[in-house]
Amino acid sequence: MITHTAVPVSVNAMLADLRALVEIESPSGDPTALAASAKALAQILENRLGGQAVLVEGEAGPHVRWSGGGEPKVLILGHHDTVFPLGTLERRPFLIEEGRVTGPGVFDMLGGLVQAIHGLAALEDLTGVEILVTCDEENGSHTSRNLIEERARACGAALVFEGAAEGGGLKTGRKGCGTFEVLITGRASHAGLEPEAGVNALVEAAHQVLRIEAMSRPEVGTTVTPTIASAGTQSNVVPAEASVFADVRVETADEKDRIEAAFAALTPHLDEAVIEVRGSVGRPPMPQTAATELFAIASRLLPGIEAVAVGGGSDGNFTAALGVATLDGLGAVGGGAHADHEYLLVDKMAERANLVTGLVTAIRTA
């Protein structure tokens, strides 16, 4: 059990911690940079909340865990990796100007982490609170999913600190999402001397692109979008290989199953062409029912806050799919996730930290 001296929420203190995290830079897929980020985050957790943060080492880098002790009641969930490569800070430094904070990762999702920590620091007793901050969310959470699911089951409620929806709304539903790759093998030949001797992988890819696009059912929230295609080696050679990537978003488990079956059933159009399909809908849909009870608490604490269903995925998809009560979008109010104009609104930081305090108090006393 961890108790400490509760402190009022300070925007200046939050901004100082946010600057420290942003200026380290923590791109997904860079274990060295992520190790430095994890160490800094662990220090902030210990400074603000007491206790000891544990680094969970893995292939992608370290995840950070912290516990207030006692029977687990609520999981504070986030990630410290960002999509921005090393060197972004030099071009786009941490800056506070006209009520906005800019810099790589301020909105997605370092600002949310800082607000969560400071909201918890306003509580004297942190019994039942667990924090898990992963290092690979932007790359699909491949090394953290099992740990996320384990701790979510143990806690029974998950608060996810991804950036807020437009206007500050909470995210109560998310589409399931995944990436598929269709690999096509044909046979090379001279495009001028004997094109008929080849099996054109690019032509086969063109047929498959149309089949893939036709899997979409926007009327039920399913989008299947071909995104990347490649083929060929020389302008006078019939292509022997090609590949097509597709982004998939679904709202229901039935649609997840349909799409995965449709990709598995793809067959060649050209004789002697060979198709291999890789991928899946890796993040299951987050149904809005998973957020019902927690959103009701949030709306009492912050009357007028909106509930929004969004297309992007998060680690909240995993927790909600387990049947664990999950509320997402509790992080920074701002916008521009993954873009150069990413920003956080300073005047909403204290409000969001106070929301954390209220939610955790209500969950533990329910």
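**Sheet packing and the largest pocket**

In this predicted model, helix H6 (residues 201–213) lies across strands E9, E10, E11 and E12 and runs at about 10° to E11. Helix H7 (residues 253–264) also packs on the sheet, where E9, E10, E11 and E12 are touched by this helix. The direction of H7 makes about 170° with that of E11.

The sheet itself is open and consists of four strands in the order E10-E11-E9-E12, with antiparallel pairing. Strand E10 (223–231) and E12 form the edges, each pairing on one side only. Direction ignored, neighbouring strands of this sheet are turned by 15° against each other on average. Between E9 and E12, the antiparallel pairing extends over eight bridges. Leu183 stands opposite Glu276, a residue of E12.

The largest pocket has a volume of about 840 Å³. Its lining comprises 37 residues, of which Glu137, Cys177, Arg249, Arg283 and Gly313 are the closest to the pocket centre. By class, 16 residues of this lining are polar, 13 are charged and eight are nonpolar.

Several secondary-structure elements contribute to the lining of the largest pocket. At least two residues each are supplied by helix H4 (106–121) and by strands E8 (170–174), E9 (176–185), E11 (241–250), E12 (274–283) and E15 (334–335). The largest share, five residues, comes from E12, which is also an edge strand of the sheet described above.

Note on methods:
Residues numbered from 1 in each chain as written. Predicted model: local features only at pLDDT ≥ 70, side-chain atom pairs only at ≥ 80, totals over all residues. Heavy atoms only, no water. 1 Å grid on protein atoms, 1.4 Å probe; cavity = no way out; pocket = protein on both sides within 12 Å on 5 of 7 lines; lining within 4 Å. Points joined across faces, edges and corners; volume = space filled by probe spheres on them. Nonpolar A, V, L, I, M, F, W, Y, C, P; charged D, E, K, R; others polar. Pairing = 2+ DSSP bridges. Axes fitted to C-alpha atoms, helices over the stretch in contact; angles between N-to-C directions. Contact = heavy atoms within 4.5 Å.
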